[in-house]
Structures are given as structure tokens and as C-alpha cells.
Amino acid sequence: MIVLGCNGFSRVSEFFSERFGATGINKHYLLGHDAAAALLIDGRLVAAVEEERLNREKKTTDFPVNAIDWCLAEAGITYDDVDLFAFPWNWSAQVLDETLDAIRASSAPQDTKTGLMADMTDLYDQVVSPEAILADFEARTGHRPDPAKVRFVPHHLAHAMTGYYLAGMKDAAFLVSDGRAERFSTLTGEIRDGRITVFDDTVIGAQFSMGTLFSSITRFLGFVPNNDEYKVMGLAGYAAPPTPNPFIDKLLTLHDDGRYTFTKPLQTDNLHSHDALFEEYFGPFEDTLAYTSRVAAAAQEMLNVATAHQVSHLEKRTDLDRLLFEGGVALNCLNNTPLFEGSRFEDMQVSFGASDTGITIGAAAHAWLNHPDTAPADIRAASGPITPYLGPSYDEAAMEKALQPFTDLVVVSRLDDDEVIDQVAKLLTQKVVIGWFEGRIEHGPRALGHRSILANPGFSDIKDIINTRVKHREPFRPFAPLVLEEQAPQIFDMGRKSSSPYMTFVFPVRDEYKDRIPGAVHVDGTSRIQTLTDEGTPRLTALLRKFTELTGTPCLINTSFNVAGEPIVCTPTDALNCFMGTEIDYLILGNHLVAKKQKKEHPVPTIQRKHTMYHSTVLDADPDTVWATVRDAMQILDIVSPGDLDIHRDVSWVEGGSVDTVPARYDFKLTLNGRLVQQEIAARDEINKTQSYRAVAPTSGVAKYEATIRVFPITNDPARSFFDWSRTLDIAEDADLNVVEAIIDVMEKQTDAVRDHFAKTAK
Ligand SMILES: [Fe+2]
């Protein structure tokens with residue numbers, strides 16, 4: 001039996017931009033995001049791919065015509081061969097009526113309600129009703145499915161089934177939680193022998209959606225909702241939640257039956273509905289690490305408490321000992337480890353398709369498992385864990401063809417299998433960034449080793465190097481490590497977990513390893529690991545073994561092979577374009593080692609007329625010690641001048657300036673050209689440990705120079721601190737760009753000098 005699962009709508013992004021003013025990636029935030037297709041043949045998943053990988057529009061909601069075409073071609077079949085068409089949504093007329101009733105009963109002004117009801121009716125008629133979905137399918141594929149072959153699977157059941165199917169179809173209890181399905185935001189239940197039982201009294205409506213609330217907080221903090229939630233998780237590591245936590249104290253209500261509600265329900269069409277409440281709880285919004293991390297930590301604690309409450313109820317309700325957690329909220333990996341450790345479940349799994357990327361797999365599995373022709377023996381024959389490598393792969397000829405247009409720009413070596421492992425392991429002993437492309441592309445939001453960027457986590461500044469050369473990510477976001485499954489518990493405190501193959505759990509790094517993999521340890525001392533096995537990823541596992549043999553470092557950094565804002569690369573040409581457009585040092589394209597002919601040894605940033613630099617690092621000293629040092633211009637000028645970075649001489653306070661006066665003038669001369677530089681400490685805040693300074697006269701092509709340093713505490717590591725340095729230079733029209741470039745080149749390295757200074761004094 002052949003089942004095609006698909007998710008995506010031609011009209012949805014247009015609809016949300018027309019009716020709700022959504023622009024850019026926001027058009028994909030509500031419904032149908034993570035469009036994809038999946039193909040099941042006799043219960044075996046033969047192909048699955050997200051549409052964004054093929055149409056190159058991140059998180060696209062579009063109808064997945066490319067994904068479907070590829071799945072059918074991969075299996076060598078046509079639309080006529082498909083026995084069942086499965087869709088992971090079930091918008092019935094009854095769902096529409098209930099949605100309209102809920103709007104009618106809300107306390108919003110009448111004209112708002114009227115407008116919203118008209119919008120919802122149109123959304124139903126034009127986009128999500130069964131008729132609209134089938135009309136869309138026909139318009140985009142030229143094939144109208146026979147209604148007898150169509151299955152509309154309720155969204156949350158598709159999520160639950162994704163987890164069940166990908167974990168090998170063993171009986172399990174489940175928790176599904178996301179932004180919203182047709183009406184609900186979360187529910188629990190059980191799956192036994194492929195049949196789902198929902199615990200109806202555990203469902204929670206969309207107005208109390210933890211996923212949507214977290215998205216509202218993401219937007220409030222200045223990020224893109226339904227996309228940047230992991231940035232909020234990254235920020236949460238920089239602060240402890242406030243006590244009492246206003247989200248828990250004032251907003252969240254836990255009920256005895258395992259549900260939760262909010263004292264102020266969400267307006268599901270308006271992600272700003274709680275902004276005023278957030279400001280009431282945390283004060284007016286400030287775009288500072290201190291403010292955003294405090295809100296993020298509070299939000300994280302609320303999410304943890306709410307899901308733990310659901311699980312504590314679920315574990316009493318079921319006698320099964322396995323838990324599946326699916327839906328977008330399950331990708332909050334900070335929550336998953338404590339959630340599992342605090343439960344009685346013997347295992348908890350979060351699949352690589354836990355967000356909406358995976359629901360086409362779940363919808364197809366649901367359709368197949370519930371078909372009368374599917375026998376228990378068929379299910380047994382098809383069961384077993386599934387790897388995420390389900391998308392397109394490209395053979396030698398395709399790679400060579402893709403390389404052709406780049407012949408003049410790159411040097412290519414064709415290696416045999418062993419040489420790939422040897423060469424790349426050796427390259428990774430250096431401070432290099434490597435694009436790694438092999439086999440079928442992974443499914444889901446995370447790069448899991450087939451379209452990855454790899455680097456050596458033993459270098460403490462590797463994060464800055466990856467960010468400078470390719471990722472340009474916020475400095476507070478961590479990079480995650482690969483580790484051999486059999487070694488993982490030795491390096492990370494994994495509690496009752498023995499593996500985490502999909503980066504869906506976070507574990508504390510054991511103290512003795514923190515210094516050995518500094519580039520992969522988050523500021524809170526944890527890592528979101530991917531465990532490797534020979535069965536799952538043989539080539540990458542061999543590479544990590546070889547690398548460890550050479551360096552003694554048991555991990556590699558793994559981050560997705562893409563530039564910010566773009567989908568992960570899919571084809572060899574995508575990979576080559578990303579490679580050529582960034583400062584990635586080497587590309588491994590199958591068995592080809594690719595390097596650029598003209599490779600800059602040290603990428604020098606392109607100089608803008610208004611040139612901004614932002615650096616941050618963690619220092620091995622407590623905030624008071626760091627502050628006492630860095631607030632003194634004389635001391636910091638000395639610290640940033642080791643060896644070849646020494647560009648200052650004759651440094652002294654002038655005009656009565658001193659370490660304890662503000663403003664305070666000081667001068668020095670540039671060793672580059674002997675020119676005088678006149679600067680002053682302009683402002684200082686002793687409480688927040690922040691200081692601004694500036695040039696008081698133009699010099700050496702720099703017309704204007706302003707800078708701020710700041711020292712932050714690290715909540716759960718009081719012996720260390722976070723150091724932030726931002727600088728803006730206005731470059732004069734007639735500047736000698738060689739001199740300016742030399743100054744900027746030194747400045748780029750000064751934050752590292754500060755870090756090295758405190759590393760030395762700590763010893
Ligand atoms: Fe979902």
C-alpha cells in the first residue's frame with residue numbers, strides 16, 4: 001500500500017499578508033509552515049523532504065509540489081499509483097462553527113469580532129476546508145485524488161503518530177503541544193498497536209497555548225515568532241528566573257486534572273495581545289542582555305512547570321512506561337531533560353520531526369495503520385527505528401556537474417573513503433570551518449550530520465570564528481557538539497538518558513571536560529548534544545573517532561550548513577554557493593575535498609563608512625574583579641596590547657583624568673604611524689558595570705569613535721563573567737584604508753586578548 005502525506009497551502013501566506021498584515025517570514029507563522037511531503041510504501045518510509053529545502057524559502061507554507069514530485073520520482077511511481085493521500089489537518093465544518101462560536105463569545109469589541117469571523121470563514125472556504133485542500137492539490141499537481149483515497153488526519157494525532165512511527169512503533173503514552181492545531185494547543189493520550197486514544201479531558205484550547213505564548217514572548221523580545229524560539233532558549237542561560245516568577249505567579253493556573261490555563265487568555269490572531277502584561281511584569285522593554293535574558297529565563301521556567309504538570313498527570317493515567325513528546329513545544333530542548341528526569345517514565349523520546357516538518361510522516365502512518373487492509377504482521381514487519389536521512393541524495397556525476405561552473409574558483413581533490421576521514425580529521429585539528437555534505441539530506445529543523453558545518457570545539461574562540469566566517473549569529477547562541485554515543489555519558493551528565501541522536505535534549509557538561517570542549521559549552525555549562533552511532537551515521541562517526549585519536553578531543557561542533565535566514569543547503573550547487581559566499585575554509589562534497597583558490601588567511605571584514613564591531617566573550621573571573629580592571633583605561637589598554645597587538649604607546653591620563661573621575665581624558669600614540677589619539681571615558685554606570693568611551697578628536701582616518709564595554713554576571717557560575725564590547729567607527733572620506741584596516745584588524749582581536757588575560761590570571 002502506497003501512502004503520500006503532504007502539508008502546505010498555495011494561498012496561506014498570501015492570506016495572512018492580506019488579512020493580518022504579515023510580511024517576510026511572519027507570513028509562515030500561523031498555519032502550514034514547514035510544508036513537506038512523505039511517502040510510505042507498505043509501512044516503510046521511503047522518502048520525506050521539506051519543501052523549503054527545494055523551493056529555498058525558509059519555513060515555507062507553500063503547497064509542497066517539489067517535495068511531492070521528488071518523493072514520487074524517488075520511488076519511481078506516479079500519482080495514479082498512490083493508494084491513500086493523507087493530510088495532517090482536519091478542518092471540518094464543525095471545527096469552523098466552534099471557532100466562530102468562540103469568537104462570538106469573546107470579550108473583544110463587536111467590530112473586531114465581526115472582522116475576525118469573516119476572516120476565519122474565508123480562511124476556511126479558501127484555504128483549509130477539505131474542498132479547498134483538494135482543489136489546491138489538483139491545481140498544483142494536475143491530479144485530483146479520488147475522495148475515497150483521501151484521509152484528513154487531525155493535526156495533533158498526526159504529531160503523536162509521527163513520534164510513534166519514528167520511534168519504531170512501540171506502545172507509548174504521548175504529550176503533544178504546539179501553537180495550535182484545528183482548535184486545541186495540547187493534548188495527551190496513548191498509542192497501543194497503532195491505535196490512538198486521546199484523553200479528551202486533557203485538551204487545552206488555543207487561547208491557553210504554551211506554544212503561542214512562548215512565540216509572543218519571542219516576538220516581544222525582538223525576534224521572529226515560530227522561528228527564533230531557540231534564541232530565547234539561548235538567552236535563558238544568562239539569567240536565573242526571578243523569584244517570584246510573575247508568569248507562574250500571576251499568569252499560569254495549574255488545574256488538578258493536569259490542565260493549565262492563563263488568567264488572561266491569548267488572542268490567537270494577535271501576538272501583541274500580552275505585550276502590556278509583559279511590561280507590567282518586567283518593566284518597560286529594554287534591548288539589553290540583562291532584560292531579555294531575565295524575561296527568557298522566566299518564560300522558560302513557566303514552560304517547564306506547565307509541561308511537567310501535564311506529564312505528572314499523564315503518568316498516573318497510563319500504565320505504559322514510554323513517553324513520546326511531539327509538537328513545536330517539544331523542540332524546547334531545555335525543558336526536555338528535566339521533564340523526563342522528573343517523571344516516572346522509563347524513556348522519553350522527541351523525534352527529529354517533532355515540529356510541523358514531521359506531520360506528513362505522522363499523517364501517512366496514521367492513514368496506513370488505520371486502513372482495514374493493514375494487518376498486525378505488516379506493522380511488525382515495518383517497525384524499527386528510522387534515521388532522519390530521508391531526503392534527496394546526489395551521486396558522483398551530479399557533484400561533478402555542480403563543480404563545473406566553479407572550476408576557475410576552486411581546487412578539488414577526489415579522495416577515497418579512508419582519505420576523506422583522514423584528511424578532514426587532520427584539517428579539523430586547526431582553527432578551520434568545514435562544510436560537510438554527504439548522502440541523503442536530513443529531515444527536520446536541525447542539521448544532523450549530512451548537511452553540517454563542522455569545527456573543533458577545543459579552541460575557545462571557535463564560536464567567534466564560525467560566526468565571523470559564516471553564521472553571523474547572536475553572540476549569546478551556543479553551538480552544539482557531536483559525540484559518540486558510547487562516550488557521551490562520560491563527558492555529559494546524561495542522567496537516565498543513554499542517547500540523544502536528534503539534538504532534542506540538553507545535558508550539563510562534566511567539569512573535567514569543560515576546558516576540553518570550550519567551543520561547545522553554553523554559558524550555563526550545558527550542551528545540546530547529538531549522539532552518533534555506526535548504524536546511524538557511519539561516516540561521521542568514523543570521522544569523530546579519527547579526530548579524537550588525533551586530538552584527544554571527544555567532540556566536534558556541528559551546526560547547520562546554511563547562512564542565517566536561508567534553509568539548510570540541499571543540492572551540491574546550494575552547498576557550493578554557500579561555500580563560495582562565506583569564509584568556510586573547506587567543503588567536503590561527498591568524496592571531493594574543495595578549497596578556494598584565493599583563500600584569505602584571516603578574513604578581514606569589509607570596511608563600511610560606519611563600521612560597527614560587536615564582540616563578546618566569557619571571562620574566567622567574577623564580575624567585580626573584571627569590572628575593577630576594565631573600568632580603568634590604563635589597565636585595559638595594557639591588557640589589549642600583548643605582542644603583535646601592541647599598537648599603543650605613551651599611554652597616560654591628561655587634563656586631570658583618573659580612574660575615578662568621569663569624564664576622564666587620556667591620550668596615547670599609535671605605534672603604526674606615531675599619531676596622537678585623544679580619548680575620554682564619557683559615562684560610567686557602577687551598578688550595571690558599563691562604561692562608554694570615545695575619541696575626542698579625529699585621528700588616522702577615524703572621524704568619530706564611540707565604544708561601550710559591559711560586564712554581566714553569569715547566574716549559575718559566579719566565578720565567571722560575560723564581557724561585551726561594542727564599537728562604532730565613522731571612517732573619514734579621505735582615510736588611508738590600509739591604516740584603518742590595520743587598526744580594525746587589531747581591534748577584532750582585542751576581546752580575545754581580554755579573555756586570555758583573565759584566563760592567565762585565573763591560573
Ligand atoms: Fe503543529
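Author: Let's start with a term: a cavity is a set of points where a 1.4 Å probe fits but cannot get out. In this predicted model, the second largest cavity holds about 60 Å³ of space.

Reader: Which residues line the second largest cavity?

Author: The lining is made of Cys6, Asn7, Gly8, Phe9, Phe63, Phe87, Trp89, Ile133 and Asp136. Two or more of the lining residues come from each of β1 (2–7) and α6 (130–141).

Reader: What makes the lining of the second largest cavity six nonpolar, two polar and one charged by class?

Author: Phe, Trp, Ile and Cys count as nonpolar, Asp counts as charged, and the others, Gly among them, count as polar. Set against the residues Cys6, Asn7, Gly8, Phe9, Phe63, Phe87, Trp89, Ile133 and Asp136, that gives six nonpolar, two polar and one charged.

Reader: And what is the volume of the largest cavity?

Author: About 370 Å³. Its lining has 27 residues, and His648, Phe668, Gln679, Tyr705 and Met747 lie nearest the centre.

Reader: Turning to the metal, how do you know which atoms coordinate the iron ion?

Author: Donors are N, O and S atoms within 2.8 Å of the metal. His155 (NE2), His159 (NE2), Asp178 (OD) and Asp356 (OD) sit at 2.2 to 2.3 Å from the iron ion, so they qualify.

Reader: Why is the arrangement around the iron ion called irregular?

Author: Four donors count as tetrahedral if all angles lie between 85 and 135 degrees. The angles here are 81 to 170°, so the tetrahedral test fails, and the arrangement is irregular.

Key: Residues are numbered from 1 along each chain as its sequence is written. This is a predicted model: local features need pLDDT of at least 70, side-chain atom pairs count only at pLDDT 80 or more; totals for chains, interfaces and linings use all residues. Side-chain values use heavy atoms; hydrogens and water are left out. Donors are N, O and S atoms within 2.8 Å of the metal (3.2 Å for Na, K and Ca); water is not among the atoms, so sites may look incomplete. Four donors count as tetrahedral if all angles lie between 85 and 135 degrees; four count as square planar and six as octahedral if opposite donors are over 155 degrees apart and all others between 65 and 115; anything else is irregular. On a 1 Å grid over the protein atoms alone, a cavity is a set of points where a 1.4 Å probe fits but cannot get out, and a pocket is an open set with protein on both sides within 12 Å along at least five of seven lines; lining residues have an atom within 4 Å of a point. Grid points are joined across faces, edges and corners, and a volume is the space filled by probe spheres set on the points. Helices (H or I, at least four residues) and strands (E, at least two) are DSSP runs, numbered from the N terminus.
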